[in-house]
Amino acid sequence: MRAIRVSEFGGPEVLKIQDVADPKADSGQVLVRIKAAGVNPVDTYIRAGAYARKPNLPFTPGTDAGGIVEAVGPNVKRFKAGDRVYTNGSITGVCAELALCEESRVHHLPGKISFAQGAALGVPYGTAYRALFQRGRTKAGETVLVHGATGGVGVACVQFARAAGLTVIGTGGTEKGRALVAEQGAHHVLDHRASDYDKQLLNITEGRGVDLITEMLANVNLARDLTMLAPGGRVVVIGNRGNVEINPREAMTREAAIFGLTLFAATEADLREIHAAIIAGLENGTVRPFVGHELPLADAPRAHQFVMEPGAYGKIVLVP
Ligand code: NAP
């Protein structure tokens, strides 16, 4: 089969398409024929060797995919060859024609959801659900700022929050991105590059601020986030690319809290909850992954560059 291989850590150019042996499903494993593979920012940090978890070289990147079950190993209970599925983890990496996965990392994909949409689920929707409900403990009637709503995680946050009865404010850095955020269900859309977006947010909330912020770029925004919180407000740090100075008084006077989030810390019970919510959302139409860019598998280097550039527009997927 053809697969993207990384033989040394480095820039996007270390992603090479190669022929490798087809994997075989062992006990408890599912072999998936990949129809689309999602590209997440974390894949670029891992490729660069800059992430806390470093895979052994050489490896095939990627965890999120949509595809069809090719074969199952002994003791696999929930799947058979021919089932439409999405994955949220893989033993051999999903940027390939075939990928081996533990049964627990494979989920049924409803017929009305495309494979490319299936590839947009695992990390983005898993992270969004964990941010809103498992870390942020939000509930109907609250107001959330999705700070960076145009990309994979942001679109997922907007959809989950809207379906859960929150008032949703989303931000984007481009006009096209902000139009997407409105289409996905945000009640209000702001430009995170505008100098006065915090004042606009306080106007929208009649001076109260928001109950929750799901933050995609904390090193740029955390200090200002604290000034936009309502009493008892929470910030969930999802994305961060550097240091930041904050005034803790802003948190103190609001009795506000800052929560970290890493999807890798989700327990098996957390993941069961997350995927039950995703599948319910797919079935009732409130989870509608938006794929902005589909590229051929061989263009993995371009996709890795693309996902780190400003001007996000939904999800980027690779098609074998
Ligand atoms: P993505 O699809 O590339 O989207 C990036 C988002 O960040 C876009 O909405 C972008 O908006 C926004 N952004 C850029 N500059 C911003 C600013 N100054 N203020 C607010 N938002 C800004 O990436 P993603 O998959 O959504 O992931 C978002 C971040 O979360 C990444 O850093 C990723 O590594 C991280 N993440 C962490 C976890 C975890 O477990 N902690 C899990 C998933 C993702 P514009 O392009 O419109 O400006």
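A polar contact is a pair of N or O atoms within 3.5 Å. The exercises below apply this cut-off to a predicted model.

**Exercise 1.** Determine which polar atoms of threonine 150, glycine 151 and arginine 193 approach oxygen atoms of the ligand.

*Solution.* Begin with glycine 151, where a polar backbone atom is 3.2 Å from an oxygen atom of the ligand. Continue with threonine 150, which instead brings a polar side-chain atom to 2.7 Å from a ligand oxygen. Finish with arginine 193, where a polar side-chain atom likewise lies 2.7 Å from an oxygen atom of the ligand. As for the ligand as a whole, the protein covers 89% of the 920 Å² of accessible area that the ligand has on its own.

**Exercise 2.** Describe the shell around the ligand by element, class and domain.

*Solution.* Start with the elements: helices H1 (41–48), H3 (122–135), H4 (152–163) and H7 (218–227) are those that give two or more residues to the shell. Next, sort the shell residues by class, which yields 14 nonpolar, 13 polar and 2 charged. Lastly, turn to the domains, where domain 1 (2–121 + 289–319) and domain 2 (124–264) each supply at least three residues.

**Exercise 3.** Locate the largest cavity with respect to the domains, and explain the placement.

*Solution.* First, list the lining, which includes Ala120, Pro124, Gly151, Pro289 and Lys315; H3 and H4 are the elements that give two or more residues to this lining. Then consider the domains: because domain 1 (2–121 + 289–319) and domain 2 (124–264) both give residues to the lining, the largest cavity lies between them. Its space amounts to about 40 Å³.

Key
Residues numbered from 1 in each chain as written. Predicted model: local features only at pLDDT ≥ 70, side-chain atom pairs only at ≥ 80, totals over all residues. Heavy atoms only, no water. Polar contact = N/O pair within 3.5 Å; in protein donor to acceptor, adjacent residues only side chain to side chain. Areas by Shrake-Rupley, 256 points an atom, 1.4 Å probe, with all protein chains shown as cover. Helix = DSSP H or I, 4+ residues; strand = E, 2+ residues; numbered from the N terminus. Nonpolar A, V, L, I, M, F, W, Y, C, P; charged D, E, K, R; others polar. Domains from an automatic or database assignment. 1 Å grid on protein atoms, 1.4 Å probe; cavity = no way out; pocket = protein on both sides within 12 Å on 5 of 7 lines; lining within 4 Å. Points joined across faces, edges and corners; volume = space filled by probe spheres on them.
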